[in-house]
Amino acid sequence: MMADHPIPAESVELTEEDLRKRDIVKELMQSQNQRLIEFAKHLLTVSFSAIGVVLALKDKWLGTDAPPYKKLLLGIAVALFLATGLLATLAASIYTYRVSLSDYTDVDAELDRVASLRYRLTWIGYGLSVVATIIVAVIAI
């Protein structure tokens, strides 16, 4: 069994850059939860509204003698709306910042990493939403 040995260390004053990065981390950590809550509320409303409109008008658009491919397309559109919600949720919550008040040296690179991932996921989600809307429009016309 090893005996406890003191570890020699020196304390260094925080530089202006350290204080700036620490402030950035504090702001990120404080604002992240509120943004996620607001995003989730908005996302749920939009996603369920789009799916609700599609399902409510399904009979009017398809009729009783609709070809099977139109029903399949409508199902694909609903799935794309759901996938849009999933991707947007991933963009908002899964990719959180990997910094803390004690480890903030790479906060600039971390901001860039998360922003890039969120940007890509959000645009893919928008693309799926556009495709789903086009499918619904084709069926409705």
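Start by selecting helix α4, residues 107-140 (helices here are DSSP runs of H or I with at least four residues, and strands are runs of E with at least two, numbered from the N terminus). Its 34 residues should span 50 Å at 1.5 Å a residue, and the C-alpha atoms at its two ends are 49 Å apart, which agrees; the expected span is 1.5 Å times one less than the number of residues. The model is predicted, so local features need pLDDT of at least 70 and side-chain atom pairs count only at pLDDT 80 or more, while totals for chains, interfaces and linings use all residues. Residues are numbered from 1 along each chain as its sequence is written, and side-chain values use heavy atoms, with hydrogens and water left out.

Staying on α4, colour its buried residues, which include Val107, Glu110, Val114, Arg118, Leu121 and Gly125, and, further along, Ala132, Ile135, Val136 and Ile139. Buried means under 20% relative accessible area, exposed over 50%, and partly exposed in between, with a 1.4 Å probe and protein chains only.

Next, select Val54, Leu74, Phe81, Val136 and Ile139, which touch the most other members among the 15 residues of the largest nonpolar core (a set of buried Ala, Val, Leu, Ile, Met, Phe, Trp, Tyr and Cys residues joined through side-chain atoms within 4.5 Å). Two or more residues of this core come from each of α1 (16-56), α2 (58-62), α3 (68-94) and α4, and α3 gives the most, with five residues. Apart from this core lies another, of six residues, among them Ile24, Val25, Leu28 and Val99.

Now centre the view on Leu74, which is found in helix α3 and is buried, with a relative accessible area of 5%. Leaving aside neighbours within four places in sequence, Leu74 is in contact (heavy atoms within 4.5 Å) with Val54, Lys58, Trp61, Leu62, Val136 and Ile139. For one of these partners, Trp61, 13 residues away along the chain, the C-alpha atom is separated from that of Leu74 by 9.8 Å.

Finally, return to α4 for the aromatic rings. The whole structure holds two aromatic pairs, where rings of Phe, Tyr and Trp (its six-membered ring) pair if their centres lie within 6.5 Å, with planes under 30 degrees apart counted as stacked, over 60 as edge-to-face and the rest as tilted. Trp123 and Tyr126 form an edge-to-face pair, at 5.4 Å centre to centre and 80° between the planes. Both residues lie in helix α4, three residues apart, about one turn of the helix. Adding Tyr119 to the selection shows one aromatic cluster of Tyr119, Trp123 and Tyr126, in which Tyr126 counts as partly exposed, at 47% relative accessibility.
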